[in-house]
Amino acid sequence: MQPIWQKEITYLKKVGPKRAEVLAKEAGIRTYLDLLHYYPRKYVDRSQQKRISDITEEGQHVALVGKITRIEVVKTKRGRGRLSATFTDGSGFLELTWFQGVKWLQASLKKGEEIALFGRVSRYGGSFQISHPEIDKLSDDNGKKHVLQIVPFYPSTEKLGRMGLDSRGFRTITHQMLEEAGNLIGENLSQSIMQTNNLISHKAALQFLHYPASFAKLRQAQYRIKFEEFFFFQLLLARRRLKARHQNQAPPFTRIGEYFNTFFEAHMPFSLTDAQKRVLKEIRRDLALPAQMNRLVQGDVGSGKTMVAFMSMLIAKDNGFQAALMAPTAILAEQHYKKISRMAAKVGLKTCILVGGQRKKERKEILEGVASGEFDLVIGTHALIEKTVVFKQLGLVVVDEQHKFGVEQRAKLWQKGSPFPHNLVMTATPIPRTLAMTVYGDVDVSIIDKLPPGRKPIETRVHGESKRLEVLGFIKNQIDQGRQAYVVYPLVEESEKLDLIAVVKGHELLERYFTDYRVGIVHGKMHPDDKEFEMQRFVRNETQILVSTTVIEVGVDVPNSTIMVIENAERFGLSQLHQLRGRVGRGQNKSYCILMAGKKVSADGRKRLKAMRETQDGFKISEIDLELRGPGDFLGTRQSGLPEFHLANIVEDRPILEAAREAAFTLAQEDPNLVAPENAHIRQYLMRYQKAVNLLS
């Protein structure tokens, strides 16, 4: 990189110390390079020069070139003057009016001087006029960049505007910067990648972004910059993935033996879906390699992820290794334990569970059994990562709802195997394909996109407060038939106290209405043991209605529950609504999700409720959610792992992302250390980029 790009912006002509200070505070612009990457927010086409005689109707924006023949200040009734002028281009006359900046304009405009103007035409007293047109003197070189071309408009603020750094001011300083240093813009991609992807040069792209010669050139420039923003992030992920595969050696599971085959042929409770078979095949292919498998399995609620995990655990056992499954809560671990131990017993395997709060004697026996290899499959919570837990030979780690665990927690579990155990991660939160390619770009992603046959769709209804009695009557009818119901309230940080009051009041109201039934309550402020007690009562049907915050979003499996009522549903994210809906519909009976909407629902809120009514496909819902919220909010801003893309948008620019990803992963495979001479630019740029996004390649 040329040293000029690190030069402080204060030294750029027409900036100076005061402007530099405001640019740094308001726009993060401290160097020439920062200004180079401060892109316009929109472009206005002023390239088509009109004649006054061509103007036939008001409302249109026009660019005109001509001279002022008259200029005067006209006193208004309130005593404040307005500036009035007559403009001609030889084909006709046009009146110009200004109500602000009168003195400055009167002093700067001269009769007979050639100017260009741009503005919106209106009609006054039978003739055309333009109020507050933008004026540029064509005798001034500085003026020519604002007119008779496609004009960029830059993001600005009130403080920047006061320093003369509105869009016009930004055009002036970016033009100055390109005049001074534009020829020193270097390339950061190889010729082969540019040719394969039909990309213009880095220099041309940046120049056209600031001053496009045409809209076709602007589109080429935008494509090029978006491509490289995606490319360098994907290249980091590709290199990180290759490095992990080289360093994280794991035992190859080459044998599909007695445990897997016996269960598959004699004890499988249902036929696997095509999606489950495809994912199992992908897992088997990974497990056969001597490098650690690092695979994420996405699947909607009820898609059969647990069965895929269990079959993978059987492969570990067929190769002489133990397997562990870590879940985020005790109730979810208990649920997995019941399912897996029942299936494992059919092929003679022993399973244990490790959670907090177990009796000393019981825990001691479990720890001894895990260390001796007596237990083949170990299910647990984060209790699994404690130092006292030692495996005889751990070969596979399954992590459920991995976003509930930190990176360090998962790594601690890996360290209990030598060499590294294979890693399988599961999530019931569908992640849009574009996000999976970015956030999980260094992980292999498998998708179970089909539900097992026989799963009944959940009827979703949206009601307002006027329907509350009707909803209560419907819940009562279902409970009279022996069913159970959830009633969920929002809980958000800004109004936590108010929300908690709403949950407690809601519980009291339901207790008064359902006097013949037991109504339980669970929320995040309760002691974990009390929460667990209430949840278990609901699981055993000792409680018929469970009033809750979103603590039940993941993991509670109560097939007898057929109703999910979500209060103030418009306040929930779309993916969260879908997760909550997935808590019902797990048994043989028809299930319902009732979304209770508040009085004032925003446009985005209405879109979310509409999407819930119209589809039950978690992947479609996640795409809509990503569009509505954007990637930072969708993932939880700072944990997303995504860099700040200046121009690229992972929602709107998916085809560019896919092309950039393919180019990056191909390059990482062909030249992992970027030693080929044609990749020298890429290597140099990647070193700087890596520091900027704070990721290890």
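The questions and answers below go through the fold of a predicted model.

Me: What kind of model is this, and how are its residues numbered?
Reply: The model is predicted: local features need pLDDT of at least 70, side-chain atom pairs count only at pLDDT 80 or more, and totals for chains, interfaces and linings use all residues. Side-chain values use heavy atoms, with hydrogens and water left out, and residue numbers run along each chain as its sequence is written, starting from 1.

Me: How many helices and strands are in the chain?
Reply: Helices (H or I, at least four residues) and strands (E, at least two) are DSSP runs, numbered from the N terminus. The C-alpha trace spans about 100 × 70 × 40 Å along its principal axes. The chain holds 23 helices and 21 strands.

Me: What percentage of the 697 residues is buried?
Reply: Buried means under 20% relative accessible area, exposed over 50%, and partly exposed in between (1.4 Å probe, protein chains only). By that cut-off, the buried part of the 697 residues is 53%.

Me: Which helix gives the largest share of the largest nonpolar core?
Reply: A nonpolar core is a set of buried Ala, Val, Leu, Ile, Met, Phe, Trp, Tyr and Cys residues joined through side-chain atoms within 4.5 Å. The largest has 54 residues, and L189, F227, F230, F231, L235 and I682 have the most contacts inside it. Its largest share, 9 residues, comes from residues 215-247, helix α8.

Me: How many residues are in the second, separate core?
Reply: This core includes L280, V297, V355 and I379. Its residue count is 41.

Me: In what order do the 6 strands of the open sheet stand?
Reply: Two strands pair if DSSP finds at least two bridges between them. The pairing in this sheet is parallel; β17 and β19, for example, pair over 4 bridges, with Y486 opposite L546 in β19. β16 and β18 each have a single partner strand, so one side of each is left without a neighbour in the sheet. The order is β16-β21-β20-β17-β19-β18.

Me: What angle does the direction of α20 make with that of β16?
Reply: Axes are lines fitted to C-alpha atoms, for helices over the stretch in contact, and angles run from 0 to 180 degrees between N-to-C directions. Helix α20 packs on the sheet and touches β16 and β21, contact meaning heavy atoms within 4.5 Å. The angle with β16 is about 150°.

Me: Within what arc do the buried residues of α20 fall?
Reply: G605, R608, L609, A611 and M612 are the buried residues of α20, whereas R606 and E614 on the other side are exposed. The arc is that of the directions from the helix axis to the C-beta atoms. Seen down the axis, the buried residues line one face of the helix, because they fall within an arc of 160°.

Me: How far apart in space are Y154 and Y39, C-alpha to C-alpha?
Reply: Y154 lies in the loop between β8 and α4 and is buried, with a relative accessible area of 1%. Leaving aside neighbours within four places in sequence, its contacts include Y38, Y39, P40 and R41. Y154 and Y39 are 115 residues apart in sequence, and their distance in space is 6.7 Å.
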